[in-house]
Amino acid sequence: MSELSQSNVIRVTVQGVQRTIGVRNINELALFTSEPSNSIALYNICYDAASVGELYGTDSLTYRMAVNVFAQDANPISGRGYLVVIPMNATSATAASFTSDAIVLADWKAVNDGAVIVNGVEFTGMDFSNISTLQDVAKILSEKLSNVFVTTSANSLVLTAKKVGVSSTVTLTSPADGTDLTELLGTGTTVAGTDASGETLAEAISRPTARYTGIITTLSLDDDAISAAASAIQAMDKIWVNSWYSVNDITGACATIQAASQTHTRCLVYTQGVEKAKLYEAAYAGRAFSVNFEGSLVSQTMNLKTLANVEPDLGITQNDYNNAETAGVDLYVSYEGFPAVVSNGANSYFDVVYENMAFKFYAQNYMINALKATNTKIPQTEAGVASLTDALAQAFILFVKNGVFAAGKWNSSQTFGDPETFRKNIADQGWYIYHTPVAEQSQSEREQRIAPLIQGAGKRAGAIHEADVLIIVEE
């Protein structure tokens, strides 16, 4: 006797739900390096500095920068990110230098009014009468000559420009008054600066590698290489944190970036040495790319943050401080004894660029998952469009929770939809969403299955960086 299938009566199909896509993590930080590695991989994802040390050696700049990334009390790991180290076939730009003749300490010890003109800037009033070593001479010169680094090599002094590339120079000329130090330095040996060569950063970031948003590099780059990279990065969902070594770059290369509105390139200036500037760069990026946007009131500003393993830059004057504010350059200074980041907003603030990009990632993710996480379809009706606006609303709600957006008064004249409803929503909840009615959509867009235009607005919570206080006291 044959057995008949139950499907003659009941037909059952078990269907799984569509899997959603995870949100792109903005805290994935890339470190591009030209140093040799013992790995042949195109890149290495690392969750601690020790892993980088195993790949590049603990005496490498790559490792020391990784140490400063992870040394911060909040770092990419805090934001569920990582550090991806990406090798480059490139050579750093170099700075011009001048190596003096052999130094005779007795000659320097007789000087109490030393003076010299370096690259057109005159420095006077240097007293060497209490020196005992060549290092003492270098220290006095370092504290005075603000436009070059001064080190020692054997029994000579080395003056190195704070600018890299073929345009960098170290030119010494005699002063009008004081004891002429050019006579004590001698004719010496001058080496010209060179531009970066090999693969450019602009080329490297175009290579298919691991996913990342933040960018730092061990390379020192000349102005042309920086300009090319800044232009390329501005068109991408990436943020480049780059350091300069001279205060002249505040009103030079950094001001040029600010004038071009290249907000995706974050300018740092640190004058205490090339490697120290790179370590500041790494520490800054480690602290900056650290927010877990799933949390409550986690939005941060870089202003007044203290960075581990970084000493304040004592080479910044009040004039440099003012220029940095104008050019949108971030510094690391000492405010009467306590070290802190100075975050300036002339080229937008870091947190504005970072949080805008993070919100974009969340909004895209929530809305694409609204389309993807269905086994049928989203109809091209008001109800269908509502599923997309509801998804966008969830992104706004999250970014109110994490402190990026907040209820407040809308001060701009630009609105959309019904202006009264727009302003009320911003005042009550900090965000507003509007879409063109389906009935008003063009037939050509309907045939292409494009949703009506969806518009959103959010009120940024902002941040307080400084304040004025007036106190009245009565006897």
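# Pockets, packed helices and sheets

Helix H12 (residues 382–401) gives the most to the lining of the second largest pocket, contributing three residues. Helices (H or I, at least four residues) and strands (E, at least two) are DSSP runs, numbered from the N terminus. The model you are looking at is predicted: local features need pLDDT of at least 70, side-chain atom pairs count only at pLDDT 80 or more, and totals for chains, interfaces and linings use all residues. Residues are numbered from 1 along each chain as its sequence is written, and side-chain values use heavy atoms, with hydrogens and water left out.

## Spaces in the protein

Let us stay with that pocket for a moment. The second largest pocket is lined by 13 residues, and nearest its centre lie Leu371, Ile378, Pro379, Gln380 and Arg449.

The largest pocket has 24 lining residues, of which Ser142, Lys162, Thr271, Gln272 and Gly315 are the closest to its centre. Three elements give two or more residues to this lining: strand E7 (121–126), helix H4 (134–144) and strand E8 (148–153). Of these, E8 provides the largest share, three residues.

There is also an enclosed space: a search of the whole structure finds one cavity of 30 Å³ or more. Of the 14 residues lining the largest cavity, Val164, Leu221, Ile226, Trp244 and Tyr245 are the closest to its centre. Strand E9 (156–164), helix H7 (223–234) and strand E15 (239–244) are the elements that give two or more residues to the cavity lining.

A word on terms: on a 1 Å grid over the protein atoms alone, a cavity is a set of points where a 1.4 Å probe fits but cannot get out, a pocket is an open set with protein on both sides within 12 Å along at least five of seven lines, and lining residues have an atom within 4 Å of a point. Points are joined across faces, edges and corners, and a volume is the space filled by probe spheres set on them.

The table sets out the volumes and the classes of lining residues. Ala, Val, Leu, Ile, Met, Phe, Trp, Tyr, Cys and Pro count as nonpolar, Asp, Glu, Lys and Arg as charged, and the others, Gly among them, as polar.

| Space | Volume | Lining residues by class |
|---|---|---|
| Largest pocket | about 570 Å³ | 10 nonpolar, nine polar, five charged |
| Second largest pocket | about 320 Å³ | seven nonpolar, four polar, two charged |
| Largest cavity | about 90 Å³ | six nonpolar, three polar, five charged |

## A pair of helices

Helix H1 (residues 49–56) and helix H2 (residues 61–70) make a nice pair to look at next. Their axes come within 8 Å and cross at roughly 175 degrees; axes are lines fitted to C-alpha atoms, for helices over the stretch in contact, and angles run from 0 to 180 degrees between N-to-C directions. H1 and H2 are therefore roughly antiparallel to each other, a label for angles over 145 degrees.

Which residues of H1 and H2 meet? From H1 come Ala49, Val52, Gly53 and Tyr56, and from H2 come Thr62, Tyr63, Ala66, Val67 and Phe70, where contact means heavy atoms within 4.5 Å. By class, this contact has seven nonpolar residues, two polar and no charged.

## The sheets

H2 leads us on to a sheet. An open sheet of six strands runs in the order E2-E3-E1-E14-E15-E16, with mixed pairing; strands pair if DSSP finds at least two bridges between them. Strand E2 (44–46) and strand E16 (265–269) are its edge strands, each pairing on one side only. On average, neighbouring strands of this sheet are turned by 25 degrees against each other, direction ignored. E15, met above at the cavity, pairs with E16 in the parallel sense over five bridges, and Asn242 has Cys267 in E16 as its bridge partner. H2 packs on this sheet, touching strand E1 (28–33), E2, strand E3 (82–87) and strand E14 (214–217), and the direction of H2 makes about 160 degrees with that of E1.

Another open sheet has four strands in the order E8-E9-E5-E12, with antiparallel pairing. E8 and strand E12 (189–191) stand at the edges with a single partner strand each, so one side of each is left without a neighbour in the sheet. Here neighbouring strands are turned by 20 degrees against each other on average, direction ignored. E8 and E9 pair in the antiparallel sense over six bridges, and Thr152 stands opposite Leu157 in E9. Both strands have appeared before: E8 lines the largest pocket, while E9 lines the largest cavity.

Finally, there is a hairpin. Strand E17 (residues 331–335) and strand E18 (residues 338–342) pair in the antiparallel sense over five bridges, with Val333 opposite Ala340 in E18. Two residues lie between the strands of this hairpin, and Glu336 takes a positive phi near 50 degrees.

Definitions and conventions
Angles under 35 degrees count as roughly parallel, over 145 as roughly antiparallel, 65 to 115 as roughly perpendicular and the rest as oblique.
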